[in-house]
Amino acid sequence: HGSRKDEQLINNCLKYGLLIDNGLKGRTGATAYTIFGNKSLVFPLKNKENEIVSLYFRSILDTKNSKHYYLKDRQGLYPNYPKSDTKKLILTESIIDAASLLQIKEIAENYSVLACFGTNGLNQEIQKAIKELTHLEEIIFFFDYDSAGQSATSNYGAMLKEAFPNLIITQAIPINKDINETLQLHDENIFLSLLNERKDVFPSTETQAKEPDFSTEEKSITSATDFLKQPQLLNQLNQ
């Protein structure tokens, strides 16, 4: 856009928010646009027809502010609307956490994963998508291991339990701050253990459904604690 070769492209970018007019002027006196989500990874948000209808930008810079960017009139879900035959749905606190879980084959094959938009981001579109899952048996919260994440799990869990009383509502907790950080610091098999150890959000509810029997190389791993106690694996991780 700097050379102003395509005014139609500039106008379209302004319309959807990819360029922002903050009233700044360049050296030539022309408008100097701010680039939306500059230096960010971009993730597509999709509608029920699996069409990309919006974008989410995650800054790659280590800044305290403005890490998350959404286009105007945000809509759509990440990675997409869950399949209609979904029985077990994992809800993550962020898109980057959902993307991290989807890298693990056993999880991608045995669960549907859906990202919320932060601790206050289980929005109406997500709730509607959940309501349409007629085969759904269990919702698994996999939010951050901090006060905000745990509070959101409790509040949203209560809301969903009231709306869908027959659903099992469980919780898995990352070893570190969040899913992505845990994946960076540990072997991915730790997530299978964390899911196997998930607990009911409301202890008085029915016993959670049994987990599928994953075939992993580390058959002796029965819990996250056992995993972390294995010297051989820890040496590999430290390397």
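This is a short walk through the structure, one selection at a time. Keep in mind that the model is predicted.

**Stop 1: the five-stranded sheet**

Start by selecting β6, β7, β8, β9 and β10. These 5 strands form an open sheet in the order β7-β6-β8-β9-β10, and the pairing is mixed. At the edges you'll find β7 (112-115) and β10 (199-200), each of which pairs on one side only.

Now zoom in on β8, residues 138-142. How many of the residues of β8 are buried? The count is 5 of 5, so colour the whole strand as covered, because buried here means under 20% relative accessible area. In a regular strand the side chains alternate between the two faces of the sheet. Show the side chains of β8 and look at both faces: E138, I140 and F142 are on one side, I139 and F141 are on the other, and all are buried.

Next, look at the neighbours of β8. Strand β6 (residues 88-92) runs parallel to β8, and 5 bridges join the two. Pick I90 and you'll see I140 of β8 standing opposite. Strand β9 (residues 168-171) also pairs with β8 in the parallel sense, over 4 bridges. Here the pair to click is I139 and I169, with I169 sitting in β9.

Carry on from β9 to β10. This time the strands run antiparallel, joined by 2 bridges. Select T170 and then D200, its bridge partner in β10.

**Stop 2: the three-stranded sheet**

Hide that sheet and select β3, β4 and β5. These 3 strands make an open sheet in the order β3-β4-β5, with antiparallel pairing. β3 (40-46) and β5 (68-70) each have a single partner strand, so one side of each is left without a neighbour in the sheet. On average, neighbouring strands of this sheet are turned by 25° against each other, direction ignored.

For a closer look, take β4 (residues 52-59) and β5, which are antiparallel and joined by 3 bridges. Which residue of β5 stands opposite F57? Click across from F57 and you land on Y69.

**Stop 3: loops beside these strands**

Stay in this area and go to N50, in the loop between β3 and β4. Its phi is near 65°, a positive value in a residue other than glycine. N50 counts as partly exposed, at 43% relative accessibility.

Then move to the loop between β5 and β6, where you'll find D73. D73 is not a glycine either, yet its phi is positive, at about 50°. Is D73 buried or exposed? D73 is exposed, with a relative accessible area of 70%.

P79 lies in the loop between β5 and β6 as well. Turn on the backbone atoms here: the peptide bond from Y78 to P79 is cis, with omega near 0°.

**Stop 4: the largest pocket**

Switch on a surface view and look for the largest pocket, which holds about 590 Å³ of space. To find the spot, select R58, H68, S94, I96 and D178: of the 22 lining residues, these lie nearest the pocket's centre. Where does the lining come from? β4, β5, α2 (95-101) and α6 (179-185) each supply at least two of its residues. Colour the lining by class and you should get 8 nonpolar, 6 polar and 8 charged residues.

While you're here, click on I179 in helix α6. I179 is buried, with a relative accessible area of 0%. Draw a distance line from the C-alpha of I179 to that of I96: the two are 83 residues apart along the chain, and the line spans 8.5 Å.

**Stop 5: two helices**

Select α4, residues 124-131, where I126, A129 and I130 are buried. These three cover an arc of only 100° around the axis, which puts them on the same side of α4. Now rotate to the face turned away from that buried side, and you'll meet the exposed residues Q124, K128 and K131.

Finish with α7, residues 189-196. Since 7 of its 8 residues are buried, α7 is largely enclosed by the rest of the structure. To highlight the buried ones, select N189, I190, F191, L192, S193, L194 and L195.

Notes: Residues numbered from 1 in each chain as written. Predicted model: local features only at pLDDT ≥ 70, side-chain atom pairs only at ≥ 80, totals over all residues. Heavy atoms only, no water. Pairing = 2+ DSSP bridges. Axes fitted to C-alpha atoms, helices over the stretch in contact; angles between N-to-C directions. 1 Å grid on protein atoms, 1.4 Å probe; cavity = no way out; pocket = protein on both sides within 12 Å on 5 of 7 lines; lining within 4 Å. Points joined across faces, edges and corners; volume = space filled by probe spheres on them. Nonpolar A, V, L, I, M, F, W, Y, C, P; charged D, E, K, R; others polar. Buried < 20%, exposed > 50% of the residue type's maximum accessible area, 1.4 Å probe, protein only. Arc of directions from axis to C-beta.
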